[in-house]
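Please walk through the strands and the ring contacts of the chain shown below, with attention to how individual side chains are placed.

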Amino acid sequence: QVRLVESGGGLVQPGGSLRLSCAASGSIFSINNMGWYRQAPGKQRELVAAVTRGGNTNYADSVKGRFTVSRDNTKNTVYLQMTSLKPEDTAVYYCNADGRHMSGSYFWDWGQGTQVTVSS
């Protein structure tokens, strides 16, 4: 019913930048919140950044000032602009969204993730 597809991950040097994208598709009536989570080996999945439909944002303390989350509601797409990347940012980054199907039922789903590796 709902598909979330992340893209933009890759290998970058410390201090470099990446821009992640996540596009939602399917029988979607509306999307409320969209966010980015990450999970590093041996770590729990954690919230990186989230944005509401109205544009309010929230960031993990570890990425404030370096990452920017934004969305294009006409495209059902959320972005994560990452700058000043550090090795500790290395993780699989997952997209999440919640909202309503065209049938009226709720959804809350994840993408399959995109790998970000920060290494010299």
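**Strands, a buried histidine and a ring cluster**

Histidine 101 touches Gln1, Val2, Ser27, Phe29, Tyr106 and Phe107, when residues up to four places away in sequence are not counted. The model is a predicted one, and in it histidine 101 has its place in strand E9, which spans residues 91–101. With a relative accessible area of 10%, histidine 101 counts as buried, because the limit for that class is under 20%.

From this residue we can turn to the sheet. Here 4 strands form an open sheet in the order E1-E3-E8-E7, and the pairing is antiparallel. The edges are held by strand E1 (2–7) and strand E7 (67–72), each of which pairs on one side only, while the twist from one strand to the next averages 15°. Strand E1 and strand E3, the latter covering residues 18–26, pair in the antiparallel sense over 6 bridges. Within this pairing, valine 5 has alanine 23 as its bridge partner in E3.

The aromatic side chains come next. A search of the whole structure finds 2 aromatic pairs. In one of them, tyrosine 37 and tryptophan 110 meet edge-to-face, with 4.8 Å centre to centre and 70° between the planes. This pair links distant parts of the chain, since tyrosine 37 lies in strand E4 (residues 28–39) and tryptophan 110 in strand E10 (residues 106–110), 73 residues apart. Tryptophan 110 also forms an edge-to-face pair with tryptophan 108, at 5.2 Å centre to centre and with 90° between the planes. Through these ring pairs, Tyr37, Trp108 and Trp110 are linked into a cluster.

How do the two tryptophans of the cluster stand in accessibility, buried, partly exposed or exposed? Tryptophan 110, at 26% relative accessibility, counts as partly exposed, whereas tryptophan 108 has a relative accessible area of 53% and is therefore classed as exposed, the limit for that class being over 50%.

Charged groups also sit over rings in this model. The charged end of arginine 45 sits over the ring of tryptophan 110, 4.6 Å from the ring centre, so that tryptophan 110, itself partly exposed, takes part in this contact as well as in its edge-to-face pairs with tyrosine 37 and tryptophan 108. In another such arrangement, the charged end of arginine 19 sits over the ring of tyrosine 79, 4.4 Å from its centre.

Key. Residues are numbered from 1 along each chain as its sequence is written. This is a predicted model: local features need pLDDT of at least 70, side-chain atom pairs count only at pLDDT 80 or more; totals for chains, interfaces and linings use all residues. Side-chain values use heavy atoms; hydrogens and water are left out. Two strands pair if DSSP finds at least two bridges between them. Helices (H or I, at least four residues) and strands (E, at least two) are DSSP runs, numbered from the N terminus. Axes are lines fitted to C-alpha atoms, for helices over the stretch in contact, and angles run from 0 to 180 degrees between N-to-C directions. Buried means under 20% relative accessible area, exposed over 50%, partly exposed in between (1.4 Å probe, protein chains only). Contact means heavy atoms within 4.5 Å. Rings of Phe, Tyr and Trp (its six-membered ring) pair if their centres lie within 6.5 Å; planes under 30 degrees apart count as stacked, over 60 as edge-to-face and the rest as tilted. A charge sits over a ring if NZ of Lys or CZ of Arg is within 6 Å of the ring centre and within 35 degrees of the ring normal.
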